[in-house]
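Student: Please take me closely through a single part of this model, one loop and the helix packing that follows from it, with the criteria stated as you go.

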Amino acid sequence: MDFEDIDSAGAPPQEFRALRDIIIERRDKLPRRLAQVAAYAVESPDEIAFGTVASIASAAKVQPSTLVRFAKAMGYKGFSELQVVFQERLRDRPSNYDERLDAFSIHSSGRPATAAMLDGFGKAAIRSVERVCERIDPVVMDKAARILADAETIYLLAQRRSYPITSYMAYAFGKLGIRTVLIGSPLGIDREILNFASPRDAAFAISFTPYASSTVDHMRQVAVQGVPLVVITDSPFSPLVPENGAWFEIVEADFEGFRSLAATLTVAMALTVSVADLRRGREKQNLHTE
């Protein structure tokens, strides 16, 4: 299949999210090399925005000419025109933490800075939660809860900023009487601990761009061992998306480049309590049939 076969009709998108949606929609129709570029573009949008054709092609492991073909497949005249869309995404975003902190002053408007921050983070959290509640498929939610409810032991996998979610789930599952193993041993024996995971168990993993390499490695290990998987990540091209199992795409809204975990925690806790509810229902049913 040549790229002309999937060339877009009408003007190409000038907003990153619209372009990202088109890339995801067409990914299964793209030739292999163009699909490589698509995956890299969604996983590493900052690199697409700031890199050169040579550096991007090297990172995506394709020829520079493939970038041009990919841009034309998306409806653009050339790669530089597509690159502008990625650059516009970052135009108003502070590039480092000092600049992000400086940007908060524009929100104060005479109010205490703390009040402006509370308002900004609160609104971002509300947007995140509303969006995830609108977009998550109830069928997938039910499937994920049943995978975890069927498990003898639930292995919780996350690192860096995602770790607070799995640690809170471990606390909640413990209170609900559900056996879990929280991966993140200070002894560095996570791989050895995961060797005990089997198809009778389940693994729940979270990671967002840039993906934690240890979480990716742990996911691959348990997948090879046949462990049922439930994942929260931020892209269909994420290395955590399982071939079998259930997964959720969550992109948290940000406030001046800072993101909370409001939507992620909402989904995680909904799953946690759903698992307990399913198990309780089964226990009651078993009592009635005895």
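**A loop and the helix after it**

Tutor: Lys-61 sits in the loop that links helix H4 (53–60) to helix H5, where helices (H or I, at least four residues) and strands (E, at least two) are DSSP runs numbered from the N terminus. The model is predicted, with local features needing pLDDT of at least 70 and side-chain atom pairs pLDDT 80 or more, while totals for chains, interfaces and linings use all residues. Residues are numbered from 1 along each chain as its sequence is written, and side-chain values rest on heavy atoms, leaving out hydrogens and water.

Although Lys-61 is not a glycine, its phi is positive, at about 60°. Beyond this loop, the axis of H5 (residues 64–73) comes within 9 Å of that of H2 (residues 32–43), and the two cross at roughly 80° (axes are fitted to C-alpha atoms over the stretch in contact, with angles from 0 to 180 degrees between N-to-C directions). H2 is therefore roughly perpendicular to H5, the class for 65 to 115 degrees, set apart from roughly parallel under 35, roughly antiparallel over 145 and oblique for the rest.

On the H2 side, Arg-33, Leu-34, Val-37 and Ala-38 take part, and they meet Thr-66, Leu-67, Arg-69, Phe-70 and Ala-73 of H5, contact meaning heavy atoms within 4.5 Å. The residues of this contact comprise 6 nonpolar, 1 polar and 2 charged (Ala, Val, Leu, Ile, Met, Phe, Trp, Tyr, Cys and Pro are nonpolar, Asp, Glu, Lys and Arg charged, and the others, Gly among them, polar).

Another loop also deserves a backbone check: Pro-210 lies between strand E3 (202–206) and helix H12 (213–224), and the peptide bond that leads from Thr-209 to Pro-210 is cis, with omega near -5°.
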